[in-house]
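Thanks for coming. I'll go through one structure this morning, starting with a helix and what covers it.

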Amino acid sequence: MCRYSSWQCHTGRGAKDAASNRGFFQEQEGARLAFPSRRRRGRRPAAEERISVCTGARHLLDRMPPTRDGQRLEQAAAEIGEDRISALPDELLHRVLYFLPPREAVRTCMLSPRWRKVWKSMTALRITGGGGWRRAQDFNKFVNSLLLFRDRSPLLEFEFCTYYHPDMLSNEFEGSEEVVRYVDMWIRHAFKCDVRVLKVIGMSLPRPMVLDNVPLISDRLTTLMLWSVLLDGCSMDFSRCDKLEYLMMDGCRIPPHKIFSKSLRRLCVIQCDFSKDTCTQISVPSLVSLQLDGNSGMTPFLESMPLLVTAFVRLQLTCEELYVSEECMLLEGLSNAKNLELRGGSGVTIFMQDLKWCPAFNKLNTLVLDGWVVGHDIRALICFLQHAPLLEKLILHLYDEPNYEMEMEGSYSLVEQFLPSEHLKIIEFRCREVNEIVCRFLNDLKACGITSVMINFKEPDC
């Protein structure tokens, strides 16, 4: 816009010519993005310069001399006799361009007048070829130009991966800010274009991608997916994203003390780092599906989720607090699930602590428990059965690892007999062999009124 303004002042042309020449500069930029190497070979012919300055051409590509590639395309089109692809509607052409690398998508502007502006109005941008550039400066320049000269039509989907290089771990890239310089700006631009699906992939190690003070404000955003992003300066308050339904974070650092959204329906947090000093509070009352898998730091506190249907929670030892919690951290928030799977690891005790305040699982139909969750005390398993009146199927994964057997020693004891739910039909053991550990569980369950008809065995999936 600045280049156009100075040119207009110099020539003194009116508003009509200004609009023409603005179109010219946009077409010129499309050609530059399509073939950046050709532009560097030398100055444009003088005839072309005179045409562009004197006439304010609307269509730069119409006046470009045919290249060898263009001649081949024209000959092929002449032999076929009909260009059926160009006759397709823009929606289908945009779908075709979506699967092309970004540079190739821009280069389609050279195919024919029909294709000249198709790339500018693409409703989905997938910039994942950061490894195909020699320098981060070149990659950033391309992305900036692509977003600048694209039409401001709404974005249905925007996916981008930061610049990466096979030698990213060398000293050459250490401390370099260029690889992540424009990340915040690209995300802000996507929000201005009313993006609905936003995917951000951080590939810039050892220089991490940090989202710093990026306002999460959008009345169009429905899906947000983040890989390897540090959310140190970013709030996880999505109260101003009232249509957000799916949030996925993989390999991210999550220092915020609270994740809040009234509209969120699916939440996946995988291999992320929660704060080691403060418990993160997760408040998502409309959630239907939850996945917490292999995270580190302090175990998050789950608030009530009355609409929850499916939940998967896998904890590891590094995710344990070093103190005894004085409130129910997980199970209370998971109590409305219909399908629940809990996995643990050696040393994980948060589930046993939560059983002190064991809530009623009044909607639970299917329960999958890891041996590490209840393996050291049969009373934990009975506690789940007593508080799940509608439970139909129980799957118990048992292991034959030495550490697992050591945890069971000294804590095994019989429990009082209880009446199993009339809805309980199947208790399935997932184990490689019927060893001493499995036999202990079988004897206890039979002592509590579980019949052999309800019990079966199956090989573990992995």
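The buried residues of helix α6 are covered by, among others, α7 (102-107), β1 (124-127) and β2 (157-161). In this talk, helices are DSSP runs of H or I with at least four residues, strands are DSSP runs of E with at least two, and both are numbered from the N terminus. Helix α6 itself takes in residues 90-98, and its buried residues are Leu93, His94, Leu97 and Tyr98. Those buried residues line one face of α6, because seen down the axis they fall within an arc of 145°, the arc being that of the directions from the helix axis to the C-beta atoms. An α-helix has 3.6 residues a turn, so residues three or four places apart point the same way. Buried here means under 20% relative accessible area, exposed means over 50%, and partly exposed is in between, with a 1.4 Å probe and protein chains only.

Before going on, the source. This is a predicted model, where local features need pLDDT of at least 70, side-chain atom pairs count only at pLDDT 80 or more, and totals for chains, interfaces and linings use all residues. Residues are numbered from 1 along each chain as its sequence is written, and side-chain values use heavy atoms, with hydrogens and water left out.

Now the chain as a whole. It has 15 helices and 20 strands. Of its 462 residues, 48% count as buried. Take the contacts between residues at least 6 apart in sequence: 63% of them join residues at least 24 apart. A contact means heavy atoms within 4.5 Å.

Next, helix α9, residues 183-192. How many of its 10 residues are buried? Seven are, and α9 is mostly covered. The buried ones are Val183, Asp184, Trp186, Ile187, His189, Ala190 and Phe191. Their cover includes α8, β2, β3 (197-201) and β4 (209-212).

Of those, take α8, residues 136-149. The axes of α8 and α9 come within 11 Å and cross at roughly 15°. That makes the two helices roughly parallel. For the terms: axes are lines fitted to C-alpha atoms, for helices over the stretch in contact, and angles run from 0 to 180 degrees between N-to-C directions. Under 35 degrees counts as roughly parallel, over 145 as roughly antiparallel, 65 to 115 as roughly perpendicular, and the rest as oblique. The crossing of α8 and α9 is left-handed, that is, the near helix is turned anticlockwise from the far one by less than a right angle, and clockwise would be right-handed.

Which residues meet there? From α8 they are Phe139, Asn140, Val143, Asn144 and Leu147, and from α9 they are Met185, Trp186 and His189. By class, this contact has five nonpolar, three polar and no charged residues. Ala, Val, Leu, Ile, Met, Phe, Trp, Tyr, Cys and Pro count as nonpolar, Asp, Glu, Lys and Arg as charged, and the others, Gly among them, as polar.

Glu178 belongs in this part of the talk too. It sits in the loop between β2 and α9 and counts as buried, at 13% relative accessibility. Leaving aside neighbours within four places in sequence, Glu178 is in contact with Ala136, Gln137 and Asn140.

After α9 comes Asp194, in the loop between α9 and β3. Its phi is near 55°, a positive value in a residue other than glycine. Asp194 is partly exposed, with a relative accessible area of 29%. Gln271, in the loop between β10 (266-270) and β11 (273-274), also is not a glycine and has a positive phi of about 50°. Gln271 is partly exposed at 47%.

The second helix pair is α13, residues 378-386, and α15, residues 436-447, whose axes come within 11 Å and cross at roughly 45°. They are therefore oblique to each other, and the crossing is right-handed. Ile378, Leu381, Ile382 and Leu385 of α13 make the contact with Phe441, Asp444 and Leu445 of α15. By class, that contact has six nonpolar, no polar and one charged residues.

Last, Asn456 in strand β20, residues 455-458. Asn456 is partly exposed, with a relative accessible area of 28%. Phe429 is 27 residues from Asn456 in sequence and 6.4 Å from it in space, C-alpha to C-alpha. Without its neighbours within four places in sequence, Asn456 is in contact with Ile426, Ile427, Glu428 and Phe429.
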